[in-house]
Amino acid sequence: MRIATWNVNSIRTRVDRVIAFLERGDVDVLAMQETKCKDEQFPMARFEEAGYEVAHHGLNQWNGVAIASRVGLEDVQIGFEDMPGFGDPIAAEARAIAATCDGMRMWSLYVPNGREIGHPHYEYKLDWLAALRADGEKWLTENPEAQIALTGDWNIAPRDEDVWDPAFFEGKTHVTQPERDAFQAMIDTGYADVVRPHTNEPRTYTYWDYTQLRFPKKQGMRIDFALCSPALAGRVQGAVIDRDERKGKGASDHAPVIVQLD
């Protein structure tokens, strides 16, 4: 089975590319983030024509998460327990969705950006990650053999080598110690970054800003991950970052991350 995660940066703009990617990459389950549409606006028919069921959660033109599967889509869950909200009044955002696909619990996660250090959104990000870790730990405690994939745009670069220039990011979000500690807490809980061992070449990234020619200059960030429970991590045979999907007209600013399971 092949699973993938991709911040598509507007599914209505990029549905043709996404469908082509699914078919070309022989992908069984795809987690999508930043779909940027309400549920009724999601191009469901295009996925159904390609043989995929879809679960989508979108509230407005911001955020939005989805899972497309051709191997079953059951027990859909919107958000996780105690997931914090944001805004005035505080409300839950469309940042997490899960479904069981052929026995695997697939999560599509769009971790809050954080905006800037000291901003309320930064504290929201840390609270959101802490709640996810607490739930993730509970899932493994309840069932150590659970096959869980926490995939998505984590908006964290866990290591200095995950950004093109650490000095450039000094004093900015995505690289602060509290954010990195939150990511490491998921690892310490038992989830494994199953992509890095197969994509450990220097300057390996998943995101490149549209501005300043960041992509051709290879000035990117590694912020999209698949963290798998022990039972699922043991099935991983390989992983790739499809950098070619960042090329050409109409590309998302993120590349898909693909994991091969036995």
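Which residue in E4 does Gln33 stand opposite? Select Gln33 and look across to strand E4, where the residue standing opposite is Val65. The model is a predicted one, in which local features need pLDDT of at least 70 and side-chain atom pairs count only at pLDDT 80 or more, while totals for chains, interfaces and linings use all residues. Residues are numbered from 1 along each chain as its sequence is written, and side-chain values use heavy atoms, with hydrogens and water left out.

**Strand E2 and its partners**

Select strand E2, residues 29–33; helices (H or I, at least four residues) and strands (E, at least two) are DSSP runs numbered from the N terminus. Five of the five residues of E2 are buried, so the strand is largely enclosed by the rest of the structure; buried means under 20% relative accessible area, exposed over 50%, and partly exposed in between, with a 1.4 Å probe and protein chains only. Colour the two faces separately, and you will have Val29, Ala31 and Gln33 on one side and Leu30 and Met32 on the other, all of them buried.

Next, add strand E1, residues 2–7, which pairs with E2 in the parallel sense over five bridges, whereas E2 and E4 pair in the antiparallel sense, also over five bridges; two strands pair if DSSP finds at least two bridges between them. Within the E1 pairing, Thr5 has Ala31 of E2 as its bridge partner.

**Ser108**

Move to Ser108 in strand E7, a residue that is buried with a relative accessible area of 0%. The side chain of Ser108 reaches the backbone oxygen of Met32 at 2.7 Å. Leaving aside neighbours within four places in sequence, Ser108 is in contact (heavy atoms within 4.5 Å) with residues including Ala31, Met32, Gln33, Val65 and Thr151.

**The nonpolar cores**

A nonpolar core is a set of buried Ala, Val, Leu, Ile, Met, Phe, Trp, Tyr and Cys residues joined through side-chain atoms within 4.5 Å. In the largest one, which has 38 residues, select Ile3, Met104, Met106 and Val259, which touch the most other members. Strands E2, E4, E6, E7, E10, E11 and E12 each supply at least two residues of this core. Apart from it lies another core, of 25 residues, among them Met83, Val111, Leu140 and Ile156.

**Chain end and cysteines**

Select Asp262, in the segment after E12, together with Met1: their C-alpha atoms are separated by 6.5 Å although the residues are 261 apart along the chain.

For the cysteines, a search of the whole structure finds zero disulfides, a disulfide being a pair of cysteine sulfur atoms within 2.5 Å. Cys37 is in no disulfide, and the nearest cysteine sulfur, that of Cys101, is 19 Å away. The sulfur of Cys101 in turn is 13 Å from the closest cysteine sulfur, in Cys228, which is too far for a bond. Cys37 counts as buried at 0% relative accessibility, and Cys101 likewise at 0%.

**Backbone details**

Most residues other than glycine have a negative phi, and most peptide bonds are trans. Asn9, in the loop between E1 and H1, has a positive phi of about 55° although it is not a glycine, and it is buried at 8% relative accessible area. Leu213 also has a positive phi of about 55°, but this residue is exposed, with a relative accessible area of 56%. Finish at Pro89, in the loop between E5 and E6, where the peptide bond from Asp88 to Pro89 is cis, with omega near 5°.

Definitions and conventions. Polar contact = N/O pair within 3.5 Å; in protein donor to acceptor, adjacent residues only side chain to side chain.
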